[in-house]
Structure formats: C-alpha cells, structure tokens
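Work through these exercises with the sequence and the model open beside you. Try each task before you read its solution.

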Amino acid sequence: MEILQNSSYPTEQVAFAERVNQLLKDKLDHRPKACVVTYGCQQNVSDSERLKGMLCLCGYEMTEQTDEADLILSNTCAVRGHAEDRVYGNVGALKHLKRRNPNLIIGVCGCMAQQQIVVDRFKKSFRYVDMVFGTQVQHRLPEMIYRVLQGEHVYETSLPNDSIVEDVPVRRDGEVKGWLPIMNGCNNFCTYCIVPYVRGRERSREPEAVLQEAREMIAAGYKEIMLLGQNVNSYGKGEAHGVNFAKLLRQINAIEGDFRIRFMTSHPKDCTTEVLDAMRDCEKVAKHLHLPFQSGSDRILKQMNRHYDRAGYLNLIKEARERMPQLAITSDIIVGFPGETYEDFCETLSLVRSVEFTSLFTFIYSPREGTPAARMDDPVSRAEKGKWFNELLKTQEAVTSKTLQAAVGSTQRVLVEGCADTSGFLVGHTDGNLSVEFAADESLLNQLCTVKITSYDGILRGEYISK
Ligand code: SAH
Ligand code: SF4
Ligand code: F3S
C-alpha cells in the first residue's frame, strides 16, 4: 500500500505507519497479519476497506481467519440490540486467542464504540481489548496501533464533527463492484434511530473528491459503483459549490466507460423530482430506488419524525414510475414502533400491497438508549410484534413472486458476476438487483450485457441478447 503524491492523508499518520512497520518487524518473526470483522451497513463495509488500507500501510497482510491474526479489529454496528449482542459475544470469544498469543492486538471500532455506555463496558469487562475508537477518528488508526505497541490502552471516542479526511488509503474487497462514500453522518434524528448520535452531523465530500475516486475506480475496471450515504438526496446541502445529488449523478454519469451507478439510501423527504429526472436521464444509473418508508400510518410517521406522510410517499412512487416504468423499488420497514396498534400496522400492510416492492428489509423495533422513542410507552408485547412481522413477511412473499413473474418478457442490463451451478450458464444481477441465469460464454464474466428475461420457476432465467 503506497500513499500517492499530493495525498491529503495526514503526513503524521504516514510517519506513525512507518514506525509501526519497524516495531512489528522487531517484535515478530513473521509478516504480521490483520483480520477486520465487519458488522452493519454498507457504510461500515466501506469504512472497513479504508481500515484495511491503513493496516496494509502499517505492514499488515490481511487474513479472514481470526486465529492466525496478529491484530483483530471489529468494526461494529449499533442500529439494533441484536447487532450489539453479536459483537459482545464474538469479541468475548477472542479472549482465549489473547491468552494464547499475548502479542495479539484486539480493537473495537465503528458505531458501537461511539456510545459512552459501550465504551465503559469495554473498559470494565473487556480489559484484553487494546483499543476502542469511534467512527470519526478512524483515519488515525496508525497512531492508535503505535500507542498500543507502546503499551497503552487506547480509548478514542470523541465525535469532533470535523470535515471528512480525504485520501485515506483503501484496500477494496471486490474488483467489479465497489463502494463510494459521498457523505457521512445524518441530521434527521428519526426518533428510533441511533445513527445521528454515533456518526455525527451530516458532512458531504467535495464533488471533485467523489469524481476523482469514481474515475480511479472505473480506470481500475470497476463495473458498478455504489454511492453511499445515510441520506444521499441531501448531498451538498448548504455547500458553496452548489452540486446537489442530482447534479452529482449527472457528473458521474458523464465519466466515460461502461459501468453502472447505484446509490443508497434515499430519504423520501429529500427525494426531489430533480433527482428522479436525473435518474431517468442518466443511462448508467440503475433504475432502482431504495426508498425506506418505515410505516404506512401517518400517526406513526409523525412520531418517528420522518417529515412525510403516506400520501406524499405514494405520490413520490407515482412520479418515479411515470418517469421510469421499469423502476425497481425496495424499502425498509419497522414493525412495532412504540404505541403502534394493529390498525397502524394494517396501514403498513396495505401500502406494501399497493406499491409492490421488489424486495423489503423488515425489522422489529429495537429500543436504542438515548433516542426519544426509547422513552415512549411501548405496550405491545414482543410476541405480538413477532406475529405482525410474520404477517408482513407473508404479504411480501406473495408480492415478490408477482414482481418476479412480471419481469418475464422484459429486457434488462445485467452485470455478470459468476457461473451458475449448471454448466454453460452465467449468473448476474439486473438494475433492480434481481438475480438472473442465462446461457452465455464465460468471457462475459464481470461485464455488463443485455439479457431478455424469458421465464421464472423460482429462479429468473433469460436469454443473452448483446453486450
Ligand atoms: N439512513 C437510512 C437507514 C439507516 S438504518 C434511512 O433513513 O433510510 C437502516 C434501517 O434500519 C432503517 O431504515 C430502519 O428501517 C432500521 N432501523 C433503524 N433503527 C432501528 C431501530 N431502533 N429498530 C429497528 N429498526 C431500525
Ligand atoms: Fe437513522 Fe433516520 Fe438518519 Fe436514516 S435518516 S440514519 S433512519 S436518523
Ligand atoms: Fe449500523 Fe452504523 Fe450502519 S449503526 S447500520 S453500521 S451507520
């Protein structure tokens, strides 16, 4: 891993990385290995690619195996209780590795590490964890490893809300599909959500930095670029450069090359007709919109502080489909928000039936300490919420097979990602992220091509048309 000339990655971190390289050489009789374990959303997956980049700069080679690693870093998620419980369990299980290898460095970072209550628990009950650091100081990883190697316990959990540090070295996991973070943080404070507290205020990257990274990825052969942010539609808000999300999409679309652009997540309140027009006009932008609505009940949407209502959401869907008849729409839903009644939940069900989403990400409400919803009355039992949840899954199952059937006969852009189990068949994903199998030559691997969907028998099958 090398730092490019003119990089704005802080020189003191590069110097720390050099010192870590040397210290590890002196200390270990082999090339050091590091393992990064990632929990949570794509933002975290993308952050982990930068953590890996910095680890490589420090001289580490990456491994997937915790038991052969000299450094294990868990990049955590705090969005639901279940995610946190998994981290406590898995980090707890690392204790025996540390006993076997006292040189092992164990770190915990990411969204959980930004909560005081979590940090206190690590300080008290997980003494063998050498470093705990939050989302906004992770670019200082070389310095933190250096301090651990000097015998320190490192706890860096402030949330300075500084601007995003550019040019952090990155070691990407994939070679065809890549993440491109365009912003960080969130200003929306939906009442159930911990993200604004653990990621800080919304900050957008400079358009030129985003475009430069996109150009580099395309030159390196990436065929799909996923633009990431908690609320991409508010990209650039309040910035002097005047490039909003719609303009950014058009600028990335104008980069030469055969590639596809995706983005997530869109918040309905900021999804403007200007964004929908840009999606329609830009041939490289996948006709897929992930537009979480969370609840179909106006009363609950208000309590969630979502700033739109059911009618507004449905109108947005209508406007989007008018512009892009083949648009695939997916969404997120929370079941059992505090005070939600079965009648409220039925409004969610009816919205699911009427919109016909390609697929859904559904969650049972999980109280997050420090958020307003955690202090609201929550009389419905977990068991009851579980029943509603199953009803929702069943409803969507029927909708999903209907939308898959409806895709038969359509012509789609497909990114070929692998070979199917049946020989001579390839598998790829459409714009709407539907998996499709079709017969074609292996030379099409990792390429975009046009496929006609011909049948559905549990799997979508198609016929290769052209490149
Ligand atoms: N920024 C994105 C979502 C980020 S979190 C957006 O606004 O759409 C991803 C999803 O997790 C959310 O859409 C929501 O459905 C779910 N979620 C967030 N907090 C939750 C909680 N406390 N309990 C259950 N689900 C939650
Ligand atoms: Fe959480 Fe709402 Fe921000 Fe999404 S928009 S990250 S749900 S606060
Ligand atoms: Fe989880 Fe943090 Fe993402 S809380 S969902 S990893 S922004």
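**Exercise 1. How many residues surround ligand 1, and which are the closest?**

Before you start: this is a predicted model, where local features need pLDDT of at least 70, side-chain atom pairs count only at pLDDT 80 or more, and totals for chains, interfaces and linings use all residues. Residues are numbered from 1 along each chain as its sequence is written, chains are lettered from A and ligands numbered from 1 in the order in which they are written, and side-chain values use heavy atoms, with hydrogens and water left out.

Solution.
- Step 1. Apply the cut-off: a residue is near a molecule if one of its heavy atoms lies within 4 Å of it.
- Step 2. Count. Ligand 1 has 15 residues around it. The closest are Arg80, Gln230, Gln294, Asp332 and Ser366.
- Step 3. Sort by class. Ala, Val, Leu, Ile, Met, Phe, Trp, Tyr, Cys and Pro are nonpolar; Asp, Glu, Lys and Arg are charged; the others, Gly among them, are polar. The shell around ligand 1 then has 7 nonpolar, 4 polar and 4 charged residues.

**Exercise 2. Find side-chain N or O atoms close to an oxygen atom of ligand 1, then state how much of the ligand is covered.**

Solution.
- Step 1. Use the limit for a polar contact: a pair of N or O atoms within 3.5 Å (inside protein, one must be able to donate a hydrogen and the other to accept it, and sequence neighbours count only if both atoms are side-chain atoms).
- Step 2. Read the distances to an oxygen atom of ligand 1. The side chain of Gln294 has an N or O atom at 2.8 Å. For Arg80 the distance is 3.0 Å. For Arg306 it is 3.5 Å.
- Step 3. Check the cover. On its own, ligand 1 has 540 Å² of accessible area (Shrake-Rupley method, 1.4 Å probe). The protein covers 90% of that area.
- Step 4. Place the shell. Strand 13 (328-335) and strand 14 (359-364) are the elements that give two or more residues to it. Strands here are DSSP runs of E, at least two residues; helices are runs of H or I, at least four; both are numbered from the N terminus.

**Exercise 3. Which residues surround ligand 3?**

Solution.
- Step 1. List them: Cys41, Asn44, Cys77, Ala78, Val79, Cys111, Arg199 and Gln230.
- Step 2. Sort them: 5 nonpolar, 2 polar and 1 charged.
- Step 3. Turn to ligand 2. Its shell includes Cys186, Cys190, Cys193 and Gln230. That shell has 7 nonpolar, 3 polar and 1 charged residues.

**Exercise 4. Describe how helix 13 and helix 14 cross, then do likewise for helix 2 and helix 6.**

Solution.
- Step 1. Take the axes, lines fitted to C-alpha atoms over the stretch in contact, with angles from 0 to 180 degrees between N-to-C directions. Helix 13 (residues 342-355) and helix 14 (residues 382-407) have axes that come within 10 Å and cross at roughly 15°.
- Step 2. Name the angle. Helix 13 is therefore roughly parallel to helix 14. The scale: under 35 degrees is roughly parallel, over 145 roughly antiparallel, 65 to 115 roughly perpendicular, and the rest oblique.
- Step 3. Repeat. The axes of helix 2 (residues 42-57) and helix 6 (residues 141-149) come within 9 Å and cross at roughly 55°. Helix 2 is therefore oblique to helix 6.

**Exercise 5. Where is Gln294 found?**

Solution.
- Step 1. Gln294 is in the loop between strand 12 (288-290) and helix 11 (298-304).
- Step 2. Its phi is near 70°, a positive value in a residue other than glycine.
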